[in-house]
Amino acid sequence: MPLFTFVRHTLLSLAIGACLHASPTETLYLSGTGSDDTVDWDFKVNGGRNSGAWSSIPVPSNWEMQGFGTYHYYKDWGDSAAPDSLGQYRHRFTVPAEWAGKHVEIVFGASMTDTAVRINGVPAGPVHQGGFYQFSYDITDLLNYGDSNLIEVDVSKFSDDESVNRAERAADYWLFGGIYRPVWLEAKPSNHIERMAVDAKADGSFTVDAYLENDSNAATLQAEVFTLDGTRIAKTQRLPIEPGQPQARLAGLAKNIEPWSAEYPNLYSLRLTLRAKNAVIHQTESTIGFRTIELRPQDGFYLNGEKIILKGSNRHSIWPDTGRATNATLSEKDVLLMKEMNMNAVRMSHYPPDTHFLEACDRLGLYVIDELGGWQKSYDAEVGSKLVRETVIRDVNHPSILLWANGNEGGWNIELDDDFDLYDPQNRPVIHPWANFGGINTSHYESYNSGTDWFFQGDDLFMPTEFLHGLYDGGHGAGLDDWWKAILAHPMGLGGFLWSFADEGIVRDDQGGRIDVAGNAAPDGIVGPYREKEGSFYTIKEIWAPIYLPQSEVDFLPSSFGGSLEIENRYDFTNLDQIVFKWNLQVLEGDSLEKAKLHTIANGQSKGPDVQPNRRGELQLHLPNDWSHADFFALTAIDPHGREIYTWTWSLRHPDTIVSRYISSNATAQASSQSTTDSIVISADDIEVRLDPNTGTLQSLRSGAIVSPMSNGPILLTGNSELKSVETEDGAATFHYEGDLRFVRWELLDSGWLQLDYHYAYEREKPLTYLGVTFDYDESQIEGMRWLGKGPYRVWKNRRKGVEFGLWHKDYNDTVTGMSWTYPEFKGFHEDVYWAQLQNDVAPLDILIASPDLYFRLFTPSEAPDPRSTHVDFPHGDISFLHSIAPIGTKFKTADQHGPAGAPTWVSRGRYHGFSGRVYLRIGDRLEDN
């Protein structure tokens with residue numbers, strides 16, 4: 001039990017049980033309570049780093065993360081690859097003298113993998129096998145009470161049971177060794193309550209299965225329910241217990257309870273009291289929530305009578321500095337990050353998590369799939385039955401757990417399916433992740449159009465327990481919008497779980513402290529190893545927001561807006577009148593790009609309308625009459641717990657209106673044009689523009705002695721063209737072409753801006769990835785970018801959500817998503833950029849984009865080794881202005897397999913449709929002059 005939970009339960013016991021002279025279970029930690037609170041034990045490992053001699057190690061920890069042994073990922077093990085097969089621990093401790101006559105157990109939160117325990121030289125019990133499970137031994141007769149005791153623990157990294165090795169040690173994740181979860185003693189009266197299993201329903205009814213050690217006295221057993229502030233709200237009659245009776249069931253009813261859900265995680269405490277002759281012998285407590293689970297075949301998954309949709313990710317227990325050893329603070333941080341993304345669910349992959357993670361899910365509100373280990377191979381029935389028992393008896397009372405998973409991707413032993421119900425009075429459904437089993441098709445990594453009688457084309461409930469497999473910057477948010485619209489529209493859709501939450505990277509002290517993600521095997525996360533947020537984090541946050549605004553599908557609000565928005569309630573239990581909407585009207589101030597800033601001219605808030613879950617209504621924001629004087633509008637939704645759901649932004653001005661504010665000038669110098677054999681030169685004052693007379697492309701842009709690194713464009717990215725004619729006039733040159741590119745016009749304005757207009761069109765309908773024009777730019781000179789538009793993250797064709805209008809800045813980087821973690825990435829496609837300043841101290845460049853719906857491409861990101869289906873062929877050149885951009889795939893599927901947004905763009909024939917762009921260029925002020 002984590003320290004904060006122990007303290008909370010202790011205070012609750014004092015508050016509600018002092019008058020009863022309670023005899024609770026007493027706890028004494030032999031280790032620390034987590035990776036942030038450890039105790040040094042003596043330690044020796046038999047191979048690898050720092051092996052062969054006794055030293056010390058913090059407990060809990062994985063020995064690889066403390067400088068011992070060898071690192072292993074996936075199947076990188078065996079006699080030659082894994083010399084650190086055995087870790088030996090010893091530690092001295094003192095047991096209180098008052099514990100004499102009590103029943104004392106030693107409990108291990110988990111230890112990898114085979115664990116043999118000796119107390120004062122005597123085995124505590126049989127070797128425990130399985131690295132992810134809580135286990136205990138009765139050591140009452142092995143202790144020296146009031147005196148020193150010695151614990152010795154031999155931990156074998158690999159198991160003597162081959163099924164354990166197949167299920168756990170041949171799995172696609174980092175493999176560690178050691179005592180990585182806490183170790184503690186529990187002292188109870190000799191007659192005591194061993195454990196309890198609770199079934200608390202949404203109507204307030206509850207049953208408690210109590211498991212007893214009560215050999216000598218006739219007794220009574222009673223259950224009571226309390227609010228967390230200590231108010232008793234229910235109790236059962238005292239049930240007579242005969243000596244030696246191993247089990248009893250109590251039933252009761254708590255009135256006026258608030259049911260538990262991820263939206264309203266209401267918790268209570270249930271206390272069991274064992275009495276003999278009216279004296280309290282033993283008391284134990286468990287935090288519970290009242291909720292009712294129903295899986296209705298070919299209908300849906302219901303909680304408290306309401307159909308729910310699960311929005312979640314898979315999560316490993318991992319931290320880069322400590323491996324699988326974590327702590328309650330990290331667990332809470334992860335749950336809050338998931339809640340921030342508007343997730344309501346999490347799947348444990350691929351083993352039971354730390355108890356403090358489940359407690360955070362209970363308290364903060366996340367639905368949980370709790371999973372027995374087994375990655376594509378299963379435990380045999382003998383060891384598996386023990387591990388099912390250990391999983392369920394530890395976790396049974398957590399209201400957050402809605403489903404049990406029997407292994408992963410074929411790693412299930414069907415002989416164990418019935419075992420879960422042996423210890424779970426709630427009879428939660430059991431699933432086989434990857435299979436169509438138990439009423440739910442959970443198949444992994446399907447295509448969007450996945451075939452006849454399957455997923456969107458089938459009649460079975462479906463909920464992929466892994467989908468949109470992330471790799472580098474692909475997957476996760478990329479493709480999610482299409483998938484989610486289809487899931488919500490289908491009556492059999494139950495939701496899904498993205499793979500996965502965090503990059504499973506660890507710090508390698510044998511490699512200079514670099515973070516190792518095992519090539520492309522472990523960089524799978526929506527967040528990085530230290531929870532750095534990728535662009536998909538915000539895409540998911542918008543798509544999975546429990547509030548949907550149809551108007552969010554467009555960038556501009558019309559003049560008829562006036563403050564009314566259609567709104568859809570995607571909550572399961574929350575009326576929108578519980579939501580607060582804060583709005584903000586902004587204007588763009590400053591007469592130059594350098595001085596530009598966004599200023600709020602009005603703000604306010606409104607209560608949400610009375611709209612029940614899964615219904616639509618109208619949101620009235622009561623804006624001021626002069627709202628249309630603003631340039632941008634932002635709307636933030638705040639949930640009943642004070643958390644931001646999402647902030648949507650819209651432009652109230654088309655880009656040409658914004659751009660026009662910067663191109664006017666009082667200058668009187670007139671531009672002139674002249675032609676030479678090699679160039680068409682347009683100049684005014686100290687500005688000179690050189691154009692290629694044979695292609696119409698920019699040869700150079702110079703202001704005084706400063707020459708811009710931008711040149712050789714516009715070049716049409718897709719199609720053919722041949723120069724037909726050139727027209728020159730004072731300060732301008734127009735190039736006409738035959739083919740797909742129709743014309744290019746350059747004009748040097750008296751304000752010093754170089755205006756570029758172009759138009760292209762296609763005669764035949766065709767699918768194209770890129771539509772637009774491109775330039776060369778010397779990347780070595782770039783230092784950063786400041787821009788007005790959507791940001792701060794880049795976008796892909798199938799990941800456009802999660803970016804919003806604003807004034808943004810980022811320094812140059814060449815981040816490879818998932819291999820390095822400086823976010824947001826500098827390079828890539830940016831959406832709805834009105835203007836950008838490409839910053840350096842030699843030749844900065846200012847760019848204005850007057851045409852709507854243009855993407856701004858900034859260089860070509862470096863690519864990680866073996867990108868699988870996340871490879872993207874970037875267009876040639878360095879700076880591009882695009883009407884269509886590329887999507888990105890996932891680890892296992894190309895982008896076009898994940899819905900319409902991942903497909904190429906079909907362009908209409910030129911006689912009906914073409915593409916135009918207007919862009920302005922100017923050499924800007926040097927950084928030191930800003």
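This is the transcript of a short presentation on one protein structure.

Good morning. The structure I shall discuss is a predicted model. I will begin with the whole chain, continue with one helix, and end with charged side chains.

The protein chain contains nine helices and 63 strands. How far does its C-alpha trace extend along the principal axes? The spans are about 110 × 65 × 55 Å. One may also ask what radius of gyration a compact globule with 930 residues would have. The expected value is near 30 Å, and the protein chain has 32 Å, which agrees.

Let us turn to the interior and the surface. Of the 930 residues in the protein chain, 62% are buried. Here, buried means that a residue has under 20% relative accessible area. The accessible surface of the chain amounts to about 33,700 Å², and carbon and sulfur atoms account for 46% of that area. As for contacts, consider those between residues at least 6 apart in sequence: 69% of them join residues at least 24 apart.

My next subject is helix α8, which covers residues 535-543. Is this helix largely enclosed or largely open? Eight of its nine residues are buried, so α8 is largely enclosed by the rest of the structure. The buried residues are Gly535, Ser536, Phe537, Thr539, Ile540, Lys541, Glu542 and Ile543. Which elements do they pack against? Two are helices, α3 (328-340) and α7 (480-489), and the others are the strands β33 (495-498), β42 (644-651) and β56 (804-811).

Within α8, I would like to single out Ser536. Its relative accessibility is 1%, and therefore Ser536 counts as buried. Leaving aside residues up to four places away in sequence, Ser536 touches Gly475, His476, Gly477, Ala478, Ile526 and Arg799. Please keep Arg799 in mind, as that residue will return shortly.

I come now to the charged side chains. The protein chain has 79 positive and 128 negative side chains. The centres of these two sets lie 3 Å apart. How many salt bridges does a search of the whole structure find? The search finds 53, and I have chosen a few examples.

In the first example, the side chains of Arg271 and Glu224 form a salt bridge, at 3.3 Å from N to O. Arg271 belongs to strand β20 (residues 268-276) and Glu224 to strand β16 (residues 219-227), so this pair ties together parts that are 47 residues apart in sequence. Both Arg271 and Glu224 are buried.

The next example joins Arg394 and Asp395, whose closest N and O atoms are 2.5 Å apart. Asp395 counts as buried because its relative accessibility is 0%. Arg394, at 15%, also counts as buried.

A further salt bridge is made by Arg702 and Glu688, with 3.4 Å from N to O. Arg702 lies in strand β46 (residues 698-703) and Glu688 in strand β45 (residues 687-691), so the pair connects parts that are 14 residues apart in sequence. Arg702 has a relative accessible area of 26% and is therefore partly exposed, whereas Glu688, at 15% relative accessibility, is buried.

Finally, which residues are linked with Arg799 in a network of salt bridges? They are Asp473, Arg794 and Glu825. Arg799 is thus a member of this network and is also one of the residues touched by Ser536.

Thank you for your attention.

How values were computed
Residues numbered from 1 in each chain as written. Predicted model: local features only at pLDDT ≥ 70, side-chain atom pairs only at ≥ 80, totals over all residues. Heavy atoms only, no water. Helix = DSSP H or I, 4+ residues; strand = E, 2+ residues; numbered from the N terminus. Rg over C-alpha atoms; globule rule 2.2 N^0.38 Å. Buried < 20%, exposed > 50% of the residue type's maximum accessible area, 1.4 Å probe, protein only. Contact = heavy atoms within 4.5 Å. Areas by Shrake-Rupley, 256 points an atom, 1.4 Å probe, with all protein chains shown as cover. Lys, Arg positive; Asp, Glu negative; His and termini not counted. Charge placed at Lys NZ, Arg CZ, Asp CG, Glu CD. Salt bridge = Lys/Arg side-chain N within 4 Å of Asp/Glu carboxyl O.
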